[in-house]
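I'm opening a fresh page for a structure that is new to me. I'll jot down each thing as I look it up.

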Amino acid sequence: MSRNLIAPTLGFGLLALLAGPGCATLGLGSGQPLVPTLYQTRTGPYTVFTNFPVAADAPAIRHLQSLEHQLEANLGVRVDPKEAPIEVYILNDRKAFAHFLAFYYPELPSRRAFFLAQGDRRVVYTYLGDRLEEDLRHEATHALLHASVAELPLWLDEGLAEYFEGPDSRNGVNPEHLAKLPGDLAKGWTPDLDRLETLQDVRQMSPRDYRESWAWVHYLLNGPAPGKTALLAYLADLRTSPETPTLSRRLALADKGPKAGMLAHLEQIKERPVTATAVAAPEPTVRLQSAPVEVPVQATGRRRSVLDRVRDLFRTGKNGQDDPALAGS
């Protein structure tokens, strides 16, 4: 089944039109476009769009560059220079991002960042916040993988994004996941890669599934050699044949005890020092899957049409006032 992501109600073409200079604005008195377009920074396979200047050596740019090199060094993932660049949109702040989401993607739950793919376009949206670099790395991992292996299974897509979202110094360790897995074990959880491979929709994934996906990826990339060999061979085969045998089947042949090996690996890395980082309250980064997104019923009992939203947004841009329907977002 295709793992390509779908554009929600408003298509990319209309999104680009509305983002044009002098059209849709934040409605915050700034006159800036709702989707950032004032500045463009090109680096490697990315084009970063902002409403503020970004230095060539800014932390966000350096993290994107580092991520590209990490994926190539660890997975052999490299974006063809002939491919269209990955578009990265960084909004000014959380309020601007909430305003953007309320208009374009009201059917989605709250998040700090997300990735979209449609045809050859790969787009990341986020905002300038305390966890900008982490969010950029997570979503850009999805974008880079999608450019190289479009049919990546859901669990592996998310597990790799969780692995690479941290700075290089962590070596893929996710302290939040590592701290919670012992509690999962105490409640009776055991690793089950076969079950993870059956998940087709991100809404089927619990927080524990994200932790387990990360744990498998860390084990495969840093544990015994057969694991990494199997993973790299699996990724290589997926590039040419989405119907290739599952990774769990390959591991059963290469590793006689992958579940026990993964748990032993977690015990080992718990003892290693990890670069301390500030951890904010959890907030999901949600991918859009090929399954339809459930649309919440608004207070009026009727969802506003696209034309209603376009009309309101143009009124917002003209008068410099927030659309009442977006207030409090």
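These entries go through strands, cores, salt bridges and one loop residue.

**Entry 1: strand 2.** First reminder to myself: this is a predicted model. I started with strand 2, residues 46–50, and asked whether it is buried or exposed. Five of its five residues come out buried, so the rest of the structure largely encloses this strand. I then checked the two faces separately. Y46, V48 and T50 cover one side, T47 and F49 the other, and all of them are buried.

**Entry 2: the partners of strand 2.** Which way does strand 1 run against strand 2? I found the two antiparallel, joined by five bridges, with strand 1 spanning residues 39–43. For a landmark I noted R42, whose bridge partner in strand 2 is T47. The hairpin these two strands make has two residues between the strands, and G44 in that hairpin has a positive phi near 55°.

Strand 3 was next. It pairs with strand 2 in the parallel sense, over four bridges. T47 turns up again here, with E87 as its bridge partner in strand 3. I also looked up the handedness of the connection: strand 2, helix 2 and strand 3 form a β-α-β unit that is left-handed.

**Entry 3: nonpolar cores.** A general note before the search: in soluble globular proteins, nonpolar side chains tend to be buried together. The largest nonpolar core here holds 58 residues, and L75 and L156 have the most contacts inside it. Which helix gives the most to this core? Helix 8 does, with eight residues. I followed L156 a bit further. Setting aside neighbours within four places in sequence, I see it in contact with V217, L231, Y234 and L235. There is also a second, separate core of 18 residues, and F103, L108, F114 and V123 are among them.

**Entry 4: salt bridges.** How many salt bridges does the whole structure have? My search gave 14. I picked three pairs to look at one by one.

R122 and E83 come first, with their side chains meeting at 3.6 Å, N to O. R122 is in strand 5 and E83 in the loop between helix 2 and strand 3, so this pair ties together parts that lie 39 residues apart in sequence. R122 is buried at 2% relative accessible area, whereas E83 is partly exposed at 30%.

Next I took D168 and R137, whose closest N and O atoms are 3.5 Å apart. D168 sits in the loop between helix 5 and helix 6, and R137 is in helix 4, so parts 31 residues apart in sequence are tied together. D168 is partly exposed, with 42% relative accessible area, while R137 is buried at 1%.

My third pair was R211 with D184, at 2.9 Å from N to O. The link runs from helix 8 to helix 6, so it ties together parts 27 residues apart in sequence. Are R211 and D184 buried or exposed? R211 counts as buried at 11% relative accessibility, and D184 is buried too, at 4%.

One more thing from this search: R112, R131, E134, D135 and E176 are joined into one network by salt bridges that share partners.

**Entry 5: a loop residue.** I ended on N171, in the loop between helix 5 and helix 6. N171 is not a glycine, yet its phi is positive, about 55°. At 41% relative accessibility, I put N171 down as partly exposed.

How values were computed: Residues numbered from 1 in each chain as written. Predicted model: local features only at pLDDT ≥ 70, side-chain atom pairs only at ≥ 80, totals over all residues. Heavy atoms only, no water. Salt bridge = Lys/Arg side-chain N within 4 Å of Asp/Glu carboxyl O. Buried < 20%, exposed > 50% of the residue type's maximum accessible area, 1.4 Å probe, protein only. Core = buried A, V, L, I, M, F, W, Y, C linked by side-chain atoms within 4.5 Å. Contact = heavy atoms within 4.5 Å. Pairing = 2+ DSSP bridges. Right-handed = clockwise from strand over helix to strand, strands pointing away.
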